[in-house]
Amino acid sequence: MTKSPKKISRNKKNILWFDELRIKDVPLVGGKNASLGEMYSNLKKKGVRVPYGFAVTAHAYFEFIKEAGIDDDIKRILKGLNTHDVEDLARRGQKVRHTIMDAEFPEYLKKEICDAYDKLCKKEKMAHVDVAVRSSATAEDLPDASFAGQQETYLNIRGKSHVLHACKQCVSSLFTNRAISYREDKGFDHFSIGLSVTVQRMVRSDTGSSGVMFSIDTESGFENAVLINSAYGLGEYVVKGVVNPDEFYVFKPTLKQGKKPILKRMIGSKKKKLVYSGEGNNPTEEKSVSLIDRKKFSITDDHVIQLAKWACIVEDHYKKPMDMEWALDGRTKQLFMVQARPETVHSLKSGDVLEEYSMKERSKVITKGYAVGAKIGVGKARVIEDVKDMVKFQKGEVLITDITDQDGEPIMKIASAIVTDKGGRTSHAAIVSRELGIPAVVGCEDATEVIKTGKEITVSCAEGEVGRVYDKKLAFKIKKTNIKNLKRPKTQIKMNVGTPDVAFGASFIPNDGVGLAREEFIVAEAVGVHPLALMEYKKQPKKIREQIKKKIEGYDSPQDFFVSKLAEGVGMIAGAFYPKEVIVRLSDFKTNEYATMLGGEKYEPQEENPMIGWRGASRYYDDSFKEAFAMECKAMKKVRDEMGLTNLKIMVPFCRTVEEGKKVIAQMSKHGLKQGKDGLEIYVMCEIPANVVLAEEFAKVFDGFSIGSNDLTQLTLGVDRDSHLVAHVFDERNDAVKWMVTHAIKMAKKNKCKIGICGQGPSDHPDFAAFLVEQGIDSMSLNPDTVIKTTLMILEKEKKLKRKKKR
């Protein structure tokens with residue numbers, strides 16, 4: 001009678017298959033293998049495909065080290081190690097790895113690994129199935145220590161001997177220089193951490209694509225978006241940062257409602273890819289990606305949506321944000337999930353802290369002007385007097401220039417501060433710097449003359465309305481106030497958000513939505529071409545045609561490029577604040593601004609005063625421009641219908657007459673934006689005296705008003721707000737302007753119409769904000785850096801008004 005084979009305790013097994021593993025098995029097989037087992041066993045039925053495989057357990061690793069008798073050798077080699085001595089670390093690390101590679105696996109372990117590989121070959125119906133051999137440390141993904149990426153991975157491994165060799169290489173990679181150093185720094189015993197090895201069927205992404213995705217935005221900590229990176233070939237090049245991948249953002253809440261909310265698409269250069277070569281020591285090789293493929297997205301929109309759905313399934317299963325790797329098989333066109341682990345490195349920017357900047361010392365003031373924002377910036381000055389000099393600008397320098405325009409926005413984003421000769425508090429430089437959170441001093445008149453490139457300077461906007469530029473690098477302090485339990489005032493506090501890039505981070509500041517999202521930032525930066533030049537692409541001169549062709553790479557047509565880019569920019573902002581109301585103002589470029597866009601000169605007339613010329617509503621129904629406006633409408637419709645972001649409301653700027661308002665609404669309806677459908681509200685900017693005088697008539701056409709205090713002040717006082725010569729007259733607190741504001745609020749209330757303000761006034765002047773509260777305004781839209789400070793002031797003002805009423 002044959003005896004039954006002795007049952008081996010699960011904790012002492014050398015091989016465990018994915019369908020035997022769960023997340024609780026991290027001590028046995030490490031984080032990577034435990035997660036693969038968890039997904040294979042539990043998420044397969046939900047449609048998530050995971051390639052099959054097995055784990056060589058940590059028990060096998062410890063047995064190997066013990067039976068080979070090399071544990072004492074390794075301890076001896078590492079004794080007295082100084083991890084800060086890079087040469088000593090490299091020498092000892094290499095010696096440990098050689099010691100491991102020279103040792104032999106026990107015969108029984110070799111047999112078990114080979115038998116498991118044979119079983120996998122039979123399952124996949126291949127004589128020598130190609131596998132990925134990966135390291136899976138038992139200390140991966142701890143709350144206070146991340147070991148991810150410290151060990152090695154080997155791809156396209158075929159045949160038993162090569163699998164055994166790759167397994168041993170993984171074991172030796174537990175002692176890479178960076179892994180040794182990390183454990184020493186963190187105080188981990190080198191022998192308390194075990195290593196398991198993953199042997200998993202390869203996905204032929206060498207003929208397809210692969211990449212990484214997160215179920216959270218890793219930069220801001222915004223939890224409602226899936227971030228996907230993708231490139232051609234095997235995934236190692238994306239993981240290691242060898243290539244600049246394509247990038248996509250998908251909005252989770254409306255994805256789960258069945259929509260296709262791709263908030264952002266960005267083509268990466270993808271110049272290289274890792275592909276299969278042969279067997280043995282060089283199973284993979286690097287190849288160049290063809291120019292045609294570089295200009296395409298490496299995955300389709302359908303792939304993006306499918307991956308995002310999987311990311312949501314995985315996140316919902318683990319109940320935490322996840323970092324995942326995926327692969328697209330180029331032969332079968334099927335997607336696979338090849339790894340998932342908790343996301344541990346995102347930087348959550350809290351809106352619970354109020355920051356106040358102040359100078360600790362002072363020196364000679366070189367120049368002064370209007371302060372924008374309330375921060376302080378220091379750095380080396382860089383004088384830019386010509387657009388061609390922008391390439392010289394370095395991150396962290398202070399931008400010194402005559403004026404700024406949209407061409408300069410790329411360097412404005414990386415500047416530590418901005419100083420201009422011309423412009424007031426509502427100039428381009430002022431508006432952009434506020435929305436980027438960068439201190440700026442504008443209207444200095446002589447900055448480009450008195451400041452020289454290379455000089456260390458301090459730019460202070462923390463000393464009231466006057467901004468000062470000091471002649472050296474000075475110390476300053478930042479006071480942070482925790483306002484976690486900040487109450488919400490009766491007056492709604494919204495935000496002005498222009499650049500989609502800052503929307504996710506800004507959403508953490510306590511708010512009631514977005515009162516002003518300006519299309520101009522998106523069109524100028526993401527599109528950068530005059531809309532009519534895109535529509536008449538084939539009629540453009542060869543030079544302009546080539547420039548446009550380069551910009552629209554990856555899109556079906558020039559029109560598709562415009563619609564997609566505008567929709568994505570608006571979608572990022574609407575998604576960031578969802579389900580709160582986000583009011584997007586339609587394009588309000590002036591003729592001189594449109595003319596500077598690529599291909600724009602031939603379409604724009606020259607006007608003596610573009611500020612009160614062909615801008616805003618007057619363009620939308622004009623035969624010369626209405627086809628371009630149709631593209632704007634398609635973009636807004638895409639955001640609301642395809643992305644499902646029905647929190648998007650639309651605002652018409654610079655609408656001079658009631659009849660003009662009706663014409664614009666008719667044009668919008670013609671292109672699918674029907675007022676009232678699916679809750680679509682259409683607002684009008686109240687920024688022209690006519691809007692105030694005829695407020696009751698405008699209220700019959702539009703759903704609400706938003707006071708544009710910049711233009712309303714300009715047109716009430718007859719001040720050109722771009723002229724530094726009369727900038728001192730420009731003041732929203734002038735009695736004439738306040739009368740206009742008071743009357744507009746009264747008429748809106750009388751006609752049961754919503755009214756807010758999105759101009760600069762309440763952000764710059766607390767007393768003006770207090771005045772608005774007294775008048776009973778419904779909402780204020782503020783620049784992000786003034787939201788908390790103004791909210792505290794409004795709460796106090798509302799308390800006083802309440803006490804006053806009780807008397």
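Here are some worked exercises on a predicted model.

## Exercise 1: two strand residues

Work out whether E325 and S779 are buried or exposed, and list what each one touches.

Step 1. Start with the strands. E325 sits in β12, which covers residues 322-328, and S779 belongs to β30, residues 779-782.

Step 2. Check the accessibility. The cut-off for buried is under 20% relative accessible area. E325 comes out at 8%, so E325 is buried. S779 has 10%, so S779 is buried too.

Step 3. Go through the contacts, skipping residues up to four places away in sequence. For E325 you get R134, G211, V212, V239, M337, V338, Q339 and R341. For S779 the list reads T491, Q492, K494, I755, G756 and I757.

Step 4. Try a distance while you're here. From the C-alpha of E325 to the C-alpha of F702 is 48 Å, with the two positions 377 residues apart along the chain.

## Exercise 2: a salt bridge between R265 and E568

Find out which elements this salt bridge links, and decide whether its partners are buried or exposed.

Step 1. Look at the pair itself: the side chains of R265 and E568 form a salt bridge, with N to O at 2.5 Å. As for the chain positions, R265 is in strand β9 (residues 262-266) and E568 in helix α19 (residues 558-577), so the bridge links distant parts of the chain, 303 residues apart.

Step 2. Remember the general idea: opposite charges on side chains can pair when the charged atoms come close.

Step 3. Now the accessibility. R265 has a relative accessible area of 6%, which means R265 is buried. E568 is at 3%, so E568 is buried as well.

Step 4. Put this pair in context: the structure holds 49 salt bridges.

## Exercise 3: two more pairs and a network

Locate the D501 and K413 pair and the R619 and E604 pair, then name the members of a salt-bridge network.

Step 1. D501 and K413 meet through their side chains in a salt bridge, 2.8 Å from N to O. The two are 88 residues apart: D501 is in the loop between β23 (492-496) and α15 (503-506), while K413 is in the loop between α12 (409-412) and β18 (417-420).

Step 2. Check K413. With 29% relative accessible area, K413 is partly exposed.

Step 3. Move on to R619 and E604, whose closest N and O atoms are 2.4 Å apart in a salt bridge. R619 is in helix α21 (residues 617-620), and E604 is in the loop between α20 (591-595) and α21, 15 residues apart in sequence. R619 and E604 are both buried.

Step 4. Finish with the network: salt bridges with shared partners join K494, E581, E681 and K754. K494 has also turned up among the contacts of S779.

## Exercise 4: surface patches

Pick out the residues of a positive patch and of a nonpolar patch, then place one member of each.

Step 1. The positive surface patch consists of K487, K799, K800, R803, K804 and R807.

Step 2. Take R807. Its place is in the segment after α30 (787-806). At 79% relative accessibility, R807 is exposed.

Step 3. The nonpolar surface patch is made by L725, V726 and V729, and has an area of about 250 Å².

Step 4. Take V729. You'll find V729 in the loop between α26 (709-717) and α27 (735-750), and at 39% V729 counts as partly exposed.

## Exercise 5: backbone oddities

Spot the cis peptide bond and the positive phi values in residues other than glycine, and say where they lie.

Step 1. Recall the usual picture: most peptide bonds are trans, and most residues other than glycine have a negative phi.

Step 2. The bond from Y578 to P579 is cis, its omega being near 5°. P579 lies in the loop between α19 and β25 (582-585).

Step 3. K125 has a positive phi, near 60°. K125 is in the loop between α5 (107-124) and β3 (131-137), and it is exposed at 77%.

Step 4. K752 has a phi of about 50°, again positive. This lysine belongs to the loop between α27 and β29 (754-757), and K752 is exposed with 80% relative accessible area.

Note on methods. Residues are numbered from 1 along each chain as its sequence is written. This is a predicted model: local features need pLDDT of at least 70, side-chain atom pairs count only at pLDDT 80 or more; totals for chains, interfaces and linings use all residues. Side-chain values use heavy atoms; hydrogens and water are left out. Helices (H or I, at least four residues) and strands (E, at least two) are DSSP runs, numbered from the N terminus. Buried means under 20% relative accessible area, exposed over 50%, partly exposed in between (1.4 Å probe, protein chains only). Contact means heavy atoms within 4.5 Å. Patches are made of residues with over 30% relative accessible area and no salt bridge: like charges are joined within 9 Å, nonpolar side chains (Val, Leu, Ile, Met, Phe, Trp, Tyr) within 5 Å. Accessible areas come from the Shrake-Rupley method with a 1.4 Å probe; for residues, only the protein chains shown count as cover. A salt bridge is a side-chain nitrogen of Lys or Arg within 4 Å of a carboxyl oxygen of Asp or Glu. Lys and Arg count as positive and Asp and Glu as negative; His and the chain ends are not counted. The place of a charge is taken as NZ of Lys, CZ of Arg, CG of Asp or CD of Glu.
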